[in-house]
Amino acid sequence: MASKTIHAIYNDDDLLLHAVKQVREARYHIGEIYTPFPVHGLDKAVGEAPTRLAIASFLYGITGLSVAVLMMNFMMVQDWPQDIGGKPSFSFITNMPSFVPIMFELTVFFAAHLMVITFYMRSRLAPFKKAENPDPRTTDDMFLMEIDATNHNVEDLSKFLYDTGAAEIKLIDNK
Amino acid sequence: MYTLSSKLKLTAIILVIVGAIGLVYGFISTPSNEEELKELLAADAHGEHGGEEHHEASATTEQHGETADVAHDESVEQHGETAHGEGEHGDSHMEHVLHQFQTKPWSALFVSAFFFFMIALGALVFYAIQYVAQAGWSPVLFRVIEGVTNYLLPGSIIVVLIVIFAGTHFYPWQNHELVEEDVILQGKSGYLNFPFFVIRAIIYLIGWNVYRFIATRNSIAQATASNLTPYKKNFKASVFFLLFFVITETTMAWDWFMSMTPHWYSTLFAWYVFASVFVSAITVIALVTMFLKKAGHLEFVNDSHLHDLAKFMFAFSVFWTYLWFGQFLLIWYANIPEEVTYFIIRIEEYNLLFFGMIALNFIFPILMLINSDYKRIPWFVIMAGVVILVGHYIDIFLLVMPSTVGPYWSFGITEIAGILFFLGLFIFFVGTGLGKESLYPKGNPFLKESENYHY
């Protein structure tokens, strides 16, 4: 089924924020918004669910800590407990302070890197990925709002968007 | 306008009276001669602590054994016994134990006095930093912080009096006989001598209180001023105070805490003490803010301000742990005899407190305050704050007790009385300080931004 979307282009982030609020009040469906820089409060205005990246990062950090503990417990205490400079490798706890720097670094390493990789996967970012930019000007100074127009009167919707302050309104026919 | 309610005032006065009675009891009940001490130890040995006593005795003997070789034993440093002839060992040992028992009420008094004083001092530093950093979020809290620092004057006077009058109870380098026999202490006597010690203490006292006086006076003057002159004066005063504070806090930690074990030294010790001072102060600022907000005196404070305070609590708990561990790891790893005595006594005689403190000051806050949403829930922050304060009381306890009373520590009537006495005093002075001025810091150039602060 052929769908139609409308691209409304704004040239000011304040205008965009107000427009988003009006569009949501009027119960139109916002598909995607393209901005050249982060607009403070836009995610809340659009009604995006808060990110769970921090929770993921916390769990990755615990994973990193466990890896460090298991690794050093095996290597330094179980596999070959040598006397190195009189350090007490009798059990993990007796030699624990010397492991702490590694435990800390691995926690941070896992938390940071795995979180970044999670971010790339969730936002589908990769080298050689084809850019999904509907209008190159949105990387410079324009703000673009995509609105689903399939089941709406294009005329009314355009008028509405024009009143919210859109500088340009384009109808896109997806076939 | 906040007024200290009569109920709270009465509670504070009762705490002070009960605490004072307990402290007097603590000073009276210490053994005054060796016969009384023997009776006390015998009574203890029959009780449930029999096993412990035996352990303590053997630990002390071990340390005496090492002394001959290393000549760096702490307990020896403190009690003027440089040589331990086998024959006289029994006598000198009792003398040494008696001295530690007599030091117990002094130490209990000092731990609580310093704990509450450092909250006021840390709050003052936080205040100065907010001024110098021109922070946009915190001006709504300035009157609260000024209220907390109202305890600085009585608190600092009491602490300075204690360190001046404690004498050889805390500071073995004040014992002339000991210094005559000790080359290391003679080498340090250019810095560690009584007149200079007193002069330094008085310089700290005056410097800190003068800044507090100037800062609050200007802050109040700004409320009615037609230009920003008082604010600019405060900015300058805060810059100089912070410079002064960094130096005096360092020497204060050397003077009042590190010189309890004058053969031992650590370079990051002063920063470590500062971390404890700072995190406790921020915690108390957060607790007082929540109390006043709940009572309806701070409509202009929102949960973003609370969130910021909780972030500071979290971050400085981690900072404290970093310094604690930085000091511990380096000494543990190198294991040089003259450095490691400091931790040996803490691990052997104070094991649960020493490691329990890490759980209270690090693991608990890090798990409770890591979540952004929890930092906005008052009862959650209060819970974490109480844990942090208990943890840092133990921290001060462990700075003082092992160095002064060694293995003969206890947590009993005297220690609790000390806490109650200074808690009462703290509530009274902070409460009256908060009641002096309107809690709304009118005239501050960042006030508007601070009121609309939203994270």
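## Sheet, helices and a buried aspartate in chain A

A:Ile30 has A:Ile147 of β3(A) as its bridge partner. The model is a predicted one. That bridge is a good way into the sheet. β2(A) and β3(A) pair through four bridges, in the antiparallel sense.

The wider sheet comes next. In chain A, four strands line up in the order β2-β3-β1-β4 and make an open, antiparallel sheet. Its edges are β2 (30-34) and β4 (168-174) of chain A, and each of these pairs on one side only. On average, neighbouring strands of this sheet are turned by 20° against each other, direction ignored.

Two helices of chain A meet these strands. Helix α1 packs on the sheet, where α1 touches β1 (3-10), β2 and β3 of chain A. Helix α5 lies across β1, β3 and β4 of chain A.

| Helix (chain A) | Residues | Strands (chain A) | Angle |
|---|---|---|---|
| α1 | 13-25 | β1, β2, β3 | about 15° with β3(A) |
| α5 | 154-163 | β1, β3, β4 | about 15° to β1(A) |

Now one residue outside the strands. A:Asp135 sits in the loop between α4 (96-122) and β3 (143-148) of chain A. Is A:Asp135 buried or exposed? The relative accessible area of A:Asp135 is 5%, so this residue counts as buried, the cut-off being under 20%. What does A:Asp135 contact, leaving aside its neighbours within four places in sequence? The partners are A:Ile9, A:Leu144 and A:Lys170.

Conventions. Residues numbered from 1 in each chain as written. Chains lettered and ligands numbered in written order. Predicted model: local features only at pLDDT ≥ 70, side-chain atom pairs only at ≥ 80, totals over all residues. Heavy atoms only, no water. Buried < 20%, exposed > 50% of the residue type's maximum accessible area, 1.4 Å probe, protein only. Contact = heavy atoms within 4.5 Å. Pairing = 2+ DSSP bridges. Axes fitted to C-alpha atoms, helices over the stretch in contact; angles between N-to-C directions.
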